[in-house]
Structure formats: C-alpha cells, structure tokens
Amino acid sequence: MKLFSEPDESAGAPAGFATFAFGLQPLGAAAADDPEIARGEYLVTMGGCIDCHTPGYFFGKPDSSRFLGGSDVGFEIPGEGVFVGRNITPDKETGISSWTREQIVTAIQTGQRPDGRMLAPIMPWHAFAQLTKEDAGAIAAFLQSLKPVSHQVPGPFKPGEKVSTFIFRILPPGQTAAAAPK
C-alpha cells in the first residue's frame with residue numbers, strides 16, 4: 001500500500017493536492033510526513049470542505065490565510081434560516097479546538113455536534129456517513145493539525161433576521177428569485 005505522501009495515481013491525486021491546486025498554505029513538515037494527516041488533507045480537498053469553510057472560495061479567491069477558518073457566504077433554506085460554513089480549524093475561541101477526534105468523527109458521520117445540536121442541513125453528513133471510520137479519523141487528524149485561524153463566523157440566522165453575509169438562496173420549485181437590492 002502506498003502512502004499519500006508519495007504520488008499515488010490510484011488515489012486520483014497525491015498529498016499536497018490542496019496546496020498545489022488551490023494555492024493554499026502547505027502543511028508543516030511533521031504533518032506532511034504523517035500518512036494519516038496526508039490522507040485527511042486529500043479527503044478534505046476532494047470532499048469539498050474547502051468550498052464551504054474557506055472565506056473567498058465562492059468568489060473565486062480563497063483566502064489562504066484563513067484556510068478552513070469559516071466562510072463569508074451563507075446558505076438560506078426556506079423555513080430554516082441562513083447557515084454559514086463554520087470555522088473548522090483548531091482555534092480555541094472561534095474554531096473546533098475543544099472537540100475531540102471522536103467528536104469530529106461523530107459530527108462528520110452523524111451530523112451531531114458535541115453539544116447535541118445537529119449541524120446545519122446544508123452540511124452533507126449523510127454522504128460523509130459512508131466514509132470508513134479510518135477515513136473520518138484521518139479528516140479529524142488533518143483538521144486538528146491545521147494552523148488555528150481566529151475568525152468568528154456570523155449566524156446562524158433565523159428566518160426573518162437581517163443577514164450580514166452574502167447568501168445562496170435555496171428555493172422550492174415554483175418560487176420566485178429575490179429581486180436584486182437597489
């Protein structure tokens with residue numbers, strides 16, 4: 001079995017894929033040498049976590065200084081509110097530093113946060129529930145290895161609350177798109 005720190009064509013991309021493809025910050029030397037963390041980096045990249053959890057991504061300019069530090073765009077779900085991708089770095093104040101590896105795996109695979117609340121409906125945990133425990137554990141190891149980013153994400157916003165971010169609106173069929181602000 002090849003390690004992901006080596007080029008592995010059977011896996012689709014080598015470790016460091018996020019760094020090369022998206023111009024993001026490279027891992028530290030210790031992390032780059034750990035095959036579990038390298039596997040987690042690959043899975044986070046291919047799983048699209050960067051999309052919803054890195055500011056600037058949806059504007060075509062991901063902010064590498066706040067990699068996985070929380071989005072600047074929310075998703076509006078009718079009757080539910082607006083949800084912004086949270087900071088999933090190990091920052092003590094604004095991230096998931098207090099979450100254990102097992103709690104991260106549980107959130108990824110069941111949608112349940114350590115405090116018992118469910119993740120926002122936009123989080124595709126139903127798909128991630130199909131990950132093996134080893135792959136979910138590798139994602140947790142990678143997230144815990146990241147440089148902490150201090151970035152408080154706004155929201156969530158209840159229906160009718162004023163939103164302080166750009167939003168993607170998810171509408172049921174037959175609904176009318178919102179008018180552009182004047």
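Which residue forms a salt bridge with Glu76? Keep that one in your head for a moment, and I'll come back to it once we've looked around.

Okay, hi everyone. One thing up front: this is a predicted model, so please hear everything I say with that in mind.

Let's start with the overall layout. The protein has 182 residues, and 38% of them count as buried. It has 7 helices and 3 strands. If you walk along from the N terminus, the order goes α-α-α-α-β-β-α-α-α-β. On the outside, about 10400 Å² is exposed, with carbon and sulfur atoms supplying 57% of that. And here's one about how the chain folds back on itself: take the contacts with a separation of 6 or more, and 57% of them are between residues 24 or more positions apart.

Now, the inside. The largest nonpolar core has 24 residues. The ones with the most contacts inside this core are Val44, Leu68, Ile104, Phe142 and Leu143. Which elements give two or more residues to the core? Those are α3, at 35–46, α4, at 49–53, and then α5 and α7. The largest share comes from α7, with 6 residues.

Let's zoom in on α5. Its buried residues are Ile104, Val105, Ala107, Ile108 and Gln109. What covers them includes α6, at 125–128, and α7, at 133–145. You can see a bit of that with Ile104: leaving aside its neighbours within four places in sequence, Ile104 is in contact with Ile96, Trp99, Ala140, Leu143 and Gln144. And right after α5 comes Gly111, which has a positive phi, near 80 degrees.

While we're at α7, find Ala138, which sits in that helix. Is Ala138 buried or exposed? It's buried, because its relative accessibility is 2%, and the cut-off for buried is under 20%. Not counting residues up to four places away in sequence, Ala138 touches Glu36, Arg39, Gly40 and Arg101. Take Arg101 from that list: Ala138 and Arg101 are 37 residues apart along the chain, and their C-alpha atoms are separated by 9.4 Å.

Two of those neighbours bring us to the charged pairs. Side chains of opposite charge can pair when their charged atoms come close. This structure holds 6 salt bridges. One of them is between Glu36 and Arg101, with the closest N and O atoms 2.4 Å apart. Glu36 is in helix α3 and Arg101 is in helix α5, so this pair ties together parts that are 65 residues apart in sequence. Both ends are partly exposed: Glu36 is at 29% relative accessibility, and Arg101 is at 30%.

So, back to my opening question. The partner of Glu76 is Arg169, and their closest N and O atoms are 2.4 Å apart. This pair links distant parts of the chain, with Glu76 in strand β1 and Arg169 in strand β3, 93 residues apart. Glu76 counts as partly exposed at 21%, and Arg169 is partly exposed too, at 41%.

One more salt bridge: Arg113 with Asp115, where the closest N and O atoms are 3.3 Å apart. Salt bridges with shared partners join Arg113, Asp115 and Arg117 into one network. Arg113 has 21% relative accessibility and counts as partly exposed; Asp115, at 47%, is partly exposed as well.

Now for a charged residue with another story. Asp91 is in the loop between β2, at 81–84, and α5, at 101–110. How far away is the nearest side chain of opposite charge? That's Lys92, at 8.5 Å, and Asp91 has no salt bridge even though it's buried. What its side chain does make is a polar contact with the side chain of Thr94, at 2.7 Å. Asp91 also touches Ile96, Ser97, Pro148, Val149 and Ser150, not counting residues up to four places away in sequence.

Last stop: Gly69, in the loop between α4 and β1. Gly69 is buried, with a relative accessible area of 0%. Setting aside neighbours within four places in sequence, its contacts are His53, Asn87, Thr89, Val149, His151 and Val153. Gly69 and Pro90 are 21 residues apart in sequence, and C-alpha to C-alpha they are 9.2 Å apart in space.

That's my tour. Thanks for listening!

Technical notes
Residues are numbered from 1 along each chain as its sequence is written. This is a predicted model: local features need pLDDT of at least 70, side-chain atom pairs count only at pLDDT 80 or more; totals for chains, interfaces and linings use all residues. Side-chain values use heavy atoms; hydrogens and water are left out. Helices (H or I, at least four residues) and strands (E, at least two) are DSSP runs, numbered from the N terminus. Buried means under 20% relative accessible area, exposed over 50%, partly exposed in between (1.4 Å probe, protein chains only). Lys and Arg count as positive and Asp and Glu as negative; His and the chain ends are not counted. A salt bridge is a side-chain nitrogen of Lys or Arg within 4 Å of a carboxyl oxygen of Asp or Glu. A polar contact is a pair of N or O atoms within 3.5 Å; within protein, one must be able to donate a hydrogen and the other to accept it, and residues adjacent in sequence count only if both atoms are side-chain atoms. Contact means heavy atoms within 4.5 Å. Accessible areas come from the Shrake-Rupley method with a 1.4 Å probe; for residues, only the protein chains shown count as cover. A nonpolar core is a set of buried Ala, Val, Leu, Ile, Met, Phe, Trp, Tyr and Cys residues joined through side-chain atoms within 4.5 Å.
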